[in-house]
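This briefing is intended for reading beside the sequence and the coordinates. Points are grouped by topic after a few lead sentences.

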Amino acid sequence: MTQQTTTDDTTRRVQPPRDPAVSVVADPDVLTTALDALGAIVDECVLAVGEDGVSVEAMDPATVAMVSLDLDADAFDAFDVDTDRRLGVPLERLRDVVGIADAGQPVELAFDAETRHLHVQVGELAYSLALVDPEAIRSPPDRVDLADQYASSATLDGASLARAVDAADMVADHLALGAEDDHLHVRADGDTDSVEIEFPAADCAALDAPEPVESLFSLQYLASVTSATPGDRPVDLRFGDEAPIEAAFDVADGDGRVAFVVSPRMTRA
Amino acid sequence: MTQQTTTDDTTRRVQPPRDPAVSVVADPDVLTTALDALGAIVDECVLAVGEDGVSVEAMDPATVAMVSLDLDADAFDAFDVDTDRRLGVPLERLRDVVGIADAGQPVELAFDAETRHLHVQVGELAYSLALVDPEAIRSPPDRVDLADQYASSATLDGASLARAVDAADMVADHLALGAEDDHLHVRADGDTDSVEIEFPAADCAALDAPEPVESLFSLQYLASVTSATPGDRPVDLRFGDEAPIEAAFDVADGDGRVAFVVSPRMTRA
Amino acid sequence: MTQQTTTDDTTRRVQPPRDPAVSVVADPDVLTTALDALGAIVDECVLAVGEDGVSVEAMDPATVAMVSLDLDADAFDAFDVDTDRRLGVPLERLRDVVGIADAGQPVELAFDAETRHLHVQVGELAYSLALVDPEAIRSPPDRVDLADQYASSATLDGASLARAVDAADMVADHLALGAEDDHLHVRADGDTDSVEIEFPAADCAALDAPEPVESLFSLQYLASVTSATPGDRPVDLRFGDEAPIEAAFDVADGDGRVAFVVSPRMTRA
């Protein structure tokens, strides 16, 4: 009633680093929202950590969608960073560990610069996560200022946006999103059926569309974005005519921000 | 950061027909109950729409089970029909759209006779559903009056009936349903195990079995029927000796009615 | 609208045995907890039924894990046994039938020695379960007294134990469980990540570890054990240094007891 094994490596302790280069405490809800957003676009990313907070820029391998994350030091319950650091994070594994925390249970993260491991402490649980070499993670291209392409903007709640994208997904693999002065619309045309969701200005928290605009997007990308967007808060959209769309929302009560950008599909050759 | 596509067809609006041949408003719960019942037996069916309401007769391809639906004009919140119409409906697609409605949120249906599209409006969402040519849908055979085969009848709640069918499904692929003067029974014999569920007359809302009867049915069909039967309301059964079984229940507080009929498996050559 | 079938065997009644050799009534929650525990280790087992109650010993085919169950006669609402009996039970089928009972609805079990069927009555449902020949079920080896291998013991709630095992499962396929005088620990080392869960003595209902001990276990077996261990009650652990682990808990408010034993993986040749 015994089994043989050759491993004898389970006696080392999982201990927090003695002199961590980065040591922060965060609410699990803030972390999961941030990690879900990043994970919707990439598998791994580089966290730039400095004394002011954490920021991430990442682009999907097909270069269709980008995500940026900014978390101010105030977004954390405790924040102690010795110098600027770049951490290569395997998103799904960190997400799994953070997912163990109960609602409101603080999550402690400590980076050991020597071993390049991230120590995660959740209650009685200590997890040592091997980080990825940040040089091995593809850098996103330099950020292009898209402000002049965004002719229009609107704000609506995440749940409404998700519902519109889900409805479009019933009939087609791409959708058109646009606005006129008095409404925002999402439209999709399949082989047989069509669907249109119209949000009158009165149903939007904000709408600014000086002239009619519309762009076509891949549903695959928009569905990834909306599935990683909390339904319970306002989402700020910026868009234009055959232009990218930006969808941004607050995390940590405004001490953090997530922004997705999805490129349009070209509609005229 | 752009993708090419050859489609340029997403600019047309999804608008309700200007002069709809049929225009009704219904509660989503009434529609989903009706569509689930029809969808348990067929993929597509013909809705006969007239000034008095809507009716459907459909039979499954193996001609073992039938479903009929009657919805009076009173079952709708609004009902406006110009003349008798036959609409060929793809059930699952319409069910998906109606499923978007929140509980109690009215669903507007408008039939455009010119384009043969059904326009569905749920809140801010407009869906244009391509109907099927009713001539391309197999007609059920003429309705046969089965009243003289129904020697017995009983009424019990949908949840009890479903539980009996589920229990039978644990041991066999067919079940016997019958009654004597003081009880209704469901019995199934598998290769090793047997199960019997007995409903005494006192547990039935009604039971009329002047003489012992029993018939054998395919569990596959009965399970489809019970899974599309709401558990929260009485189901009226009519059955006999080696005879079909009818299971019927009200929808829309009695302004509508669904009836399933399942043929028996023959037990004597 | 008819189907042919050659079977004509659905007319026999599923009736309780007239003179059952064993006749008991039990709470469904007691039965499902007991059956889930047995089912975590084996597919079939032999229930030894006597006037004092029911007991089971079973070992998994790979001889890595054992389960024992004792249910006193007092664990049942009614208990009537004519003489010692050995019943060969197909666990999953009996579990399915018992699962039909609503919470608190009594389950009646009656064994017909002549037909070797177990009659199960749950409300209006009667189920006749063909038992397995007890001689055809592999006997567990004689019970070895492991008491001198258990240098340590601890008590913690089932949910905490399950959480520790689930966390270990994120990184590896085996885990180390051990204790020192002031804490119990679970540790797992994967190819890249490590996890450790530490329960201080203050978080345990009891802890007795006179000297440091640790043993290595297969996660596959421990996960089966914790998934069949209710989270809502204390689990008594006994373990040692490169020794088996026993996890035991009460059922039926202490009138019954389940104990699992899992062998360690050998770590030194």
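Asp70(A) is located in strand β5 of chain A, which covers residues 65–72. The model is a predicted one. With a relative accessible area of 36%, Asp70(A) is partly exposed. Asp70(A) also belongs to a negative surface patch.

**Negative surface patch**
- Besides Asp70(A), the patch includes Glu51(A) and Asp52(A).
- Asp72(A), Asp74(A) and Asp84(A) are also members of this patch.
- Residues qualify for a patch only with over 30% relative accessible area and no salt bridge; the 36% computed for Asp70(A) satisfies the first of these conditions.

**Overall architecture of chain A**
- Chain A contains 4 helices and 20 strands.
- Along the principal axes, the C-alpha atoms of chain A occupy a box of roughly 65 × 50 × 35 Å.
- Of the 269 residues in chain A, 55% are buried.

**Annotated C-terminal domain**
- An unreviewed UniProt entry assigns residues 162–257 of chain A to the feature "domain: Proliferating cell nuclear antigen PCNA C-terminal".
- Within residues 162–257 of chain A, helix accounts for 18% and strand for 47%.
- The C-alpha atoms at the two ends of that span are 19 Å apart.

**Residues with positive phi**
- Most residues other than glycine have a negative phi.
- Thr63(A) is not a glycine, yet its phi is positive, near 55 degrees.
- Thr63(A) sits in the loop that connects β4 (53–59) and β5 of chain A.
- The relative accessibility of Thr63(A) is 28%, so this residue counts as partly exposed.
- Ala252(A), likewise not a glycine, has a positive phi of about 55 degrees.
- Ala252(A) is placed in the loop between β18 (245–251) and β19 (256–262) of chain A.
- Ala252(A) is classed as buried because its relative accessible area is 15%, and the class requires a value under 20%.

**Strand β4 and Val56(A)**
- Val56(A) forms part of strand β4 of chain A.
- Is Val56(A) buried or exposed? Val56(A) counts as buried, at 2% relative accessibility.
- Val56(A) and Val97(A) are 41 residues apart along the chain, and their C-alpha atoms are separated by 20 Å.

Terms used: Residues numbered from 1 in each chain as written. Chains lettered and ligands numbered in written order. Predicted model: local features only at pLDDT ≥ 70, side-chain atom pairs only at ≥ 80, totals over all residues. Heavy atoms only, no water. UniProt positions renumbered as here; feature names shortened; annotations may be inferred. Patch = residues over 30% accessible without salt bridge, like charges linked within 9 Å, V, L, I, M, F, W, Y side chains within 5 Å. Areas by Shrake-Rupley, 256 points an atom, 1.4 Å probe, with all protein chains shown as cover. Salt bridge = Lys/Arg side-chain N within 4 Å of Asp/Glu carboxyl O. Lys, Arg positive; Asp, Glu negative; His and termini not counted. Charge placed at Lys NZ, Arg CZ, Asp CG, Glu CD. Buried < 20%, exposed > 50% of the residue type's maximum accessible area, 1.4 Å probe, protein only.
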